[in-house]
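Work through the exercises below with the model open in your viewer. Try each task before reading its solution.

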Amino acid sequence: MRRAQDRLRRLREMGVVFAFRRSYVNGGTSETRFALGYVGKRLICAQRAQTPPAPKAYAQSLERLVVWPKLNHQLGVNDFFCGLAAHRNPARRSKFDVTGGVLTQWWSEKRCAEFFCIYSGNEVRLRPDGYGCWERQGRVVRFFLEHDTGTESLTVVTGKIADYSAFSTDRFGILLFSVHSSRREHSLRAALSRAQAGYDPGFVIATAARDHDHPDGPAGPVWGIWDPRDSTAPVRRYRLDELPERGPRLDRKLSRPDEPLSEAAFDPDDQQMVNLIHRSPGTSDTRNTNNYWRD
């Protein structure tokens with residue numbers, strides 16, 4: 001912790017990172033938050049052979065970030081993926097995860113919205129909070145993440161299923177709902193059963209509550225697969241790598257400088273991936289998706 005704080009302090013003095021705190025109405029401030037400073041932005045742009053933004057424009061973007069209403073939500077999403085990325089460090093593993101897993105893909109909401117878009121009469125655009133790939137002991141689990149903070153009604157949350165059903169979700173991964181409490185998770189699973197009324201959405205859905213306190217975090221045995229046939233069945237918990245494998249299995253690619261966590265990512269211009277996206281959801285597939293929750 002000391003070493004990390006010292007490094008952040010030096011980067012802040014150099015202008016590589018920008019730090020800020022939020023003041024609370026009843027007094028006190030939040031913990032320090034860090035974002036990429038202008039010097040850091042110029043370095044990244046140079047690395048990508050891009051033109052950096054004007055200093056004034058970038059300063060305004062940082063000001064907007066400070067008062068961004070979705071900041072806490074985004075921090076929660078970042079915390080989820082950072083919790084998985086930390087497993088790269090053997091010192092961060094618990095006794096329950098001796099072999100360790102690896103987060104090999106992490107796409108932001110913006111990247112997902114740009115990529116997972118199809119046109120079939122009406123525009124179908126997915127806006128997951130993130131898309132990732134978790135690998136452990138030869139298993140590759142790709143997933144869409146919905147990070148729930150409890151601010152949206154369950155009707156709004158379950159309404160997102162329609163967009164995933166209209167999309168070829170099962171060809172790219174499973175859907176994870178990470179909610180803030182066990183009570184919220186129980187309510188969400190019941191709401192899913194009411195909304196779907198036994199109808200199979202065509203892809204795997206798993207839920208977990210963030211108050212589980214398992215030392216392995218989201219990689220641990222905290223995920224319960226939602227069964228559209230029987231909402232009253234006892235919930236069995238799985239590790240993230242034990243969830244059903246979905247999505248393309250591709251040869252590992254080398255990381256590009258602008259994508260440090262994308263060894264298993266696929267090229268957006270790859271024709272195989274383009275065909276998967278634009279293929280009609282009703283088109284037959286070589287994989288049998290019946291009883292997908294048992295796979």
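**Exercise 1.** Which residues touch the most other members of the largest nonpolar core?

Solution. The model is predicted. Start with the core: it has 22 residues. F80, L84, F143, L176, W223, L240 and L243 touch the most other members. Next, trace the elements. Helix 4 (71-85), strand 7 (139-147), strand 8 (174-179), strand 9 (205-209) and strand 10 (223-225) give two or more residues each. Helix 4 supplies the largest share, five residues. Then look for a second core. A separate one of 21 residues includes F115, F177, L192 and A209.

**Exercise 2.** List the contacts of F143, leaving aside its neighbours within four places in sequence.

Solution. Take the partners in sequence order. F80, F81 and L84 are among them. Then come G130, Y131, G132, C133 and W134. G173, I174, L176 and L240 complete the list.

**Exercise 3.** Give the strand order of the open seven-stranded sheet, then place the helices on it.

Solution. Read across the sheet: the order is 3-6-7-8-9-10-11, with mixed pairing. Strand 3 (102-107) and strand 11 (237-238) are the edges, each pairing on one side only. Now check one pair. Strand 3 and strand 6 (residues 130-136) are antiparallel, over five bridges. Within this pair, L103 stands opposite W134 of strand 6. Add helix 4. Helix 4 packs on the sheet and touches strands 3, 6, 7, 8 and 10. The direction of helix 4 makes about 165 degrees with that of strand 7. Finish with helix 8 (residues 182-196), which lies across strands 8, 9, 10 and 11. Helix 8 runs at about 155 degrees to strand 9.

Key:
Residues numbered from 1 in each chain as written. Predicted model: local features only at pLDDT ≥ 70, side-chain atom pairs only at ≥ 80, totals over all residues. Heavy atoms only, no water. Core = buried A, V, L, I, M, F, W, Y, C linked by side-chain atoms within 4.5 Å. Buried < 20%, exposed > 50% of the residue type's maximum accessible area, 1.4 Å probe, protein only. Helix = DSSP H or I, 4+ residues; strand = E, 2+ residues; numbered from the N terminus. Contact = heavy atoms within 4.5 Å. Pairing = 2+ DSSP bridges. Axes fitted to C-alpha atoms, helices over the stretch in contact; angles between N-to-C directions.
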